[in-house]
Amino acid sequence: MRVVRVQSPSPDDVFKKWLESKDSQTLSRLFSASGVVISRSDISAADNVKSVERHLMGVIRVKTIPTHAMKLKEKVVNYKQLERVTFYAKETSEDVPILKTLKLQVCDKCNGGGEITCKTCGGEGYITCERCGGAGQVTCERCGGTGKIKIEVKYVLPDKKAKKEINIPCPECHGKKKVRCPECHGLGRVVCPDCGGRGGEVCDKCLGAKALFQYQIGPILEERVSPLIVYHDEIPPHLRNKMVNRLGDIGCIEVKSSRELGEKELVKYFGLATKEIKETIRKLARVESMIKKSKEKKIVGPIILFPILKLYIETPKNIGFEIWAIGTKDKYIILEK
Ligand SMILES: [Zn+2]
Ligand SMILES: [Zn+2]
Ligand SMILES: [Zn+2]
Ligand SMILES: [Zn+2]
């Protein structure tokens, strides 16, 4: 596409060029009411062109920024959460979990041990018995730690009854002054109340699997440049396709941004700043700002504009048809509807 900063072709030129492309038989069929063969010079734009509409087609070349050049959101999950994730390995502009980025990492909570050691027992599962301080024995309560108890022996005297105390070895501790600790049954330690003897808890971050899984979320895109074409709705779809297929054959106008297209520039480029042209420029500006805001797309090169002229022809035989011209004054093509 060549840069030509000129106006769009004039309706007269377009009509003339169209006339030249037709044979006299076709022209007679369209224009000669009497059936007499008519000469090209007898057919004027002034008599037959009933209306002229001016349009434009805008082309923005858009580069898709590839995934590897983007800053993506990171996520770390455990194996159970991982099983609920659906990863993507195909192109998409949606934010998705990217399969290629999935990797294993050592759990930072348990340092890859799978469990967290109980702080209370240090992983032993037992703690020292508080009651006996680990000795396994406690002072005998019955004898108060003396090993002996007093018992009374009753007897009868001639005039009265009497009793006397004697010491015997404590029947509870058998005189040893201490008894087995009722709390730990002599072991000196008890099951850790915090871990129930397990010595630790399964790591709640990795759920015991020792590993966590890291991946990235974002769109999956390859780098590519493709044209985005902006038209006015009134341009029929079949003509749009024909125009797009022949972009190489026609002249265009290049601008840095649709912001450069004020009333003055529109007149300079298109001859007239028509409602249709202004509407297309607004559409172009919206598309342009949308791409500029997008994280995964970028505009490359200038914005390319193609002037379009639509002539509505009505012949003396009341045959109506449209002639469309696309391109700049010195390089345009004619399409018929
Ligand atoms: Zn862990
Ligand atoms: Zn414990
Ligand atoms: Zn004890
Ligand atoms: Zn005792």
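**View 1. The largest nonpolar core of this predicted model has 31 residues.** Among its members, L56, M57, L305, F306, I308, A325 and I326 touch the most others. Two or more residues each come from α1 (11-20), β1 (49-64), α6 (263-270), α7 (275-293), β17 (303-314) and β18 (320-328). The top contributor is β17, with seven residues.

**View 2. Let's zoom in on I326 and its contacts.** Leaving aside residues up to four places away in sequence, I326 touches M57, M243, I250, F306, I308, Y332, I333 and L335. Apart from the largest core lies another one, of 10 residues, including C132, V138, C170 and C184.

**View 3. Helix α7 has one face lined by its buried residues.** Those buried here are E276, I277, T280, I281 and L284. Seen down the helix axis, they fall within an arc of 130 degrees, so they line one face of α7. Their cover includes β1, β14 (224-230), α6 and β17. Turn to the other side of α7 and you meet the exposed K275, R286, M290 and K293. The length of α7 agrees with expectation, because 19 residues at 1.5 Å a residue should span 27 Å and the end C-alpha atoms are 27 Å apart.

**View 4. The domain assignment gives two domains, each made of two segments.** Domain 1 takes in 11-65 + 223-336, while domain 2 covers 67-114 + 204-220. Their C-alpha centres lie 51 Å apart.

**View 5. Residues 1-6 have a pLDDT below 50.** This stretch has 15 contacts in the model beyond near neighbours in sequence. Please keep in mind that where pLDDT is low, the predicted coordinates should not be read in detail. For the protein, the average pLDDT is 90, and 98% of the residues score at least 70.

How values were computed
Residues numbered from 1 in each chain as written. Chains lettered and ligands numbered in written order. Predicted model: local features only at pLDDT ≥ 70, side-chain atom pairs only at ≥ 80, totals over all residues. Domains from an automatic or database assignment. Core = buried A, V, L, I, M, F, W, Y, C linked by C-beta atoms within 7 Å. Buried ≥ 20, exposed ≤ 12 C-beta atoms within 10 Å, placed from the backbone. Helix = DSSP H or I, 4+ residues; strand = E, 2+ residues; numbered from the N terminus. Contact = placed C-beta atoms within 7 Å. pLDDT = per-residue confidence, 0-100. Expected span 1.5 Å × (residues − 1). Arc of directions from axis to C-beta.
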